[in-house]
Amino acid sequence: MLRVSAFRLLGRRGASRVSLLEDFSFRYYSSGPLGVRDDTRDSRAYFTTPIFYVNAAPHIGHLYSALLADALCRHHRLRVPSDAATGFSTGTDEHGLKIQQAAAAAGLAPSELCDRVSAQFQQLFREADISSTDFIRTTEARHRIAVQHFWGMLKSRGLLYKGLYEGWYCASDECFLPEAKVTRQPGPSGDLCPVSLESGHPVSWTKEENYIFRLSQFREPLQQWLRGDPQAITPEPFHHTVLQWLEEELPDLSVSRRSSHLHWGIPVPGDDSQTIYVWLDALVNYLTVIGYPDPEFKSWWPNTSHIIGKDILKFHAIYWPALLLGAGMSPPHRIYVHSHWTVCGQKMSKSLGNVVDPRTCLDRYTVDGFRYFLLRQGVPSWDCDYYDEKVVKLLDSELADALGGLLNRCTANKINPSGIYPAFCATCFPSEPGLVGPSGRAQAEDYALVSAVATLPKQVADHYDNFQIYKALEAVSSCVRQTNGFVQRHAPWKLNWESPVDAPWLGTVLHVALECLRVFGTLLQPVTPSLADRLLSRLGVSSTERSLGELHFLSRFYGHPSPFEGRRLGPETGVLFPRLDQSRSWLVKAHKT
Ligand code: MSP
């Protein structure tokens, strides 16, 4: 393990030389098989979603952030199947001007709005099978304690000073903006109004005395962190973007607002006239969940993966690591960044009326179907477009026809009347193509299939490590197609169980296909948990045989016994995934409009 030791930093604005980082060290990890870290203590992993603003109901973009985190976390559980090894948090971001204003506009007390919308997120995540281990609300007492303690750490290290802040503030984005990031656009009355260049949201001029964080001191440490760990921010283009930002001047950051202006938040300890800046408040949620300031939090930190959208990159990749370094901690292990969903080519927005309600989608496409769609079609490096026909086409072809059809073909009573996991015949399908004797029937493509499925778990794990879940699903889907080709080629329905010549080969074809299905079911668990459960149950795979360590694909081919051979298949579970055919009324309506 490489340790980079402390730096000394020069204080600004009248501060004397301060030693900030004496007690922290960056930690780098090497990867072992399947990308699991070698250091066993560090097999503990903690995944986080952003915490969601409660000013409006959840949409599919929010669900996508949560699904990416859920799939990464579930995949980690497949690698390290111990409840104590994986933490996964999500929650709601409930303080700040944005919420204060939204509550006032709705004629509600802020706490009422928070309770109402936070409950909607909790319900959505329950329905969508998000397997989080904690749901944090920033209005909870445990969070106030963590934030105020964190503030105290920064203060005691000489990193906060009081100064006059004058500049633009965007309440919708909860951020300060330099003049260069502000433009003018015609407002509702036709007058030119100042708006954020990036988001288009209105900004207002602010001038007040605030607490200011010495962010400028962290430019070099942040550069060193990112240069020393090229995967810290994944995918790579986002890593590059952050390094580019750090080439520019990094001004100090205002981290409080006057309480008379912003009352809905956490007061600055010892100074009730100021409220802590909502982003500092929100980011500390990642520590609150793991028990900070109780020292136990160190068993989770910094082995943390933050999953975030590209719009909040600066907060997570610059402000947050700088704040952590300032408080004497390491930056997070990984920041996984994703792009956005558009709808029929347009940005989703309340004013355009095109916000897609994720609960309607879960109803239409089923929970597994919609999870599969978002994760199969969502490419973190660029924006992706949503429309109904695309979902139907994908799910019908990959889940209903290819995967469901394969399971049905290989387990149907007509083809496997005994309902038993059939025996594999090593002379029909010897481990070396050159050894195929007179009773051997395997062809070159069959060996290609076995080799593709044997290497699939490692390929999938690598894709997860690179935050390319869509590629993992593409690889599974390609192997499903290959397996269907294998079954088609050998047409087991034309073979006869009664014939001593056909029977061993018929059993072998079905055994190989079921083994492939077992691998697909295992690897699909992070994305389609209930569909994978039904598939594996139908194959008779017990709950203790569903981790990556238990996979042992086609062990008979490699000369080892198989625990499945001769075992009774699980009970018939019906159609694996029903076709969403064109006759569905909502789809017809969508075509007409
Ligand atoms: N509250 C802050 C995060 C604080 S984390 C310490 C916030 N909340 S948010 O509700 O606006 O956004 C939450 C997540 O949803 C972000 O990751 C954001 O990128 C994501 N999405 C919002 N719109 C999206 C799409 N249209 N598509 C995909 N994800 C999008 O920011």
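Begin with helix H14: four residues of this helix form the largest share of the lining of the second largest cavity. The model on display is predicted.

**The second largest cavity**

Select helix H14 (469-490) together with helix H12 (388-411); each supplies at least two residues of the lining. Then add the full set of lining residues as sticks: Tyr372, Glu398, Leu399, Leu403, Leu473, Val476, Ser477, Val480 and Leu524. Colouring them by character shows seven nonpolar residues, one polar and one charged. The enclosed space has a volume of about 60 Å³. Across the whole structure, a search finds four cavities of 30 Å³ or more.

**The ligand site**

Next, select the ligand and the 24 residues around it; Ile51, Asp93, Gly309, Asp311 and Trp341 come nearest. Three distances may be displayed here. A polar side-chain atom of Asp93 is 2.7 Å from a nitrogen atom of the ligand. At Trp341, a polar backbone atom lies 2.9 Å from a ligand nitrogen atom. His340 offers a polar side-chain atom at 3.3 Å from an oxygen atom of the ligand.

**Asn210 in strand E10**

Move to strand E10 (residues 204-213) and select Asn210 within it. Is Asn210 buried or exposed? Its relative accessibility is 0%, so Asn210 counts as buried. Two side-chain partners deserve display: Glu208, joined to the Asn210 side chain by a polar contact of 2.9 Å, and Ser254, whose side chain makes a polar contact with that of Asn210, also at 2.9 Å. To view the wider surroundings, with residues up to four places away in sequence left out, select Tyr161, Lys162, Gly163, Tyr165, Ser254, Ser256, Arg257, Arg258 and Gln274, which Asn210 touches.

**Trp168 in strand E6**

The last stop is strand E6 (residues 160-170), where Trp168 is placed. Trp168 has a relative accessible area of 9% and is therefore buried, the cut-off being under 20%. Which residue makes a polar contact with the side chain of Trp168? The partner is Glu179, through its side chain, at 2.9 Å. Leaving out residues up to four places away in sequence, Trp168 touches a set of residues including Cys175, Phe176, Leu177, Pro178, Val182 and Arg184. Pro194, Val203, Ser204 and Trp205 are also among the residues touched by Trp168. To finish, draw a line between the C-alpha atoms of Trp168 and Pro302: these residues are 134 apart along the chain, and the atoms are separated by 34 Å.

Conventions:
Residues are numbered from 1 along each chain as its sequence is written. This is a predicted model: local features need pLDDT of at least 70, side-chain atom pairs count only at pLDDT 80 or more; totals for chains, interfaces and linings use all residues. Side-chain values use heavy atoms; hydrogens and water are left out. On a 1 Å grid over the protein atoms alone, a cavity is a set of points where a 1.4 Å probe fits but cannot get out, and a pocket is an open set with protein on both sides within 12 Å along at least five of seven lines; lining residues have an atom within 4 Å of a point. Grid points are joined across faces, edges and corners, and a volume is the space filled by probe spheres set on the points. Ala, Val, Leu, Ile, Met, Phe, Trp, Tyr, Cys and Pro count as nonpolar, Asp, Glu, Lys and Arg as charged, and the others, Gly among them, as polar. Buried means under 20% relative accessible area, exposed over 50%, partly exposed in between (1.4 Å probe, protein chains only). A polar contact is a pair of N or O atoms within 3.5 Å; within protein, one must be able to donate a hydrogen and the other to accept it, and residues adjacent in sequence count only if both atoms are side-chain atoms. Contact means heavy atoms within 4.5 Å. A residue is near a molecule or strand if one of its heavy atoms lies within 4 Å of it.
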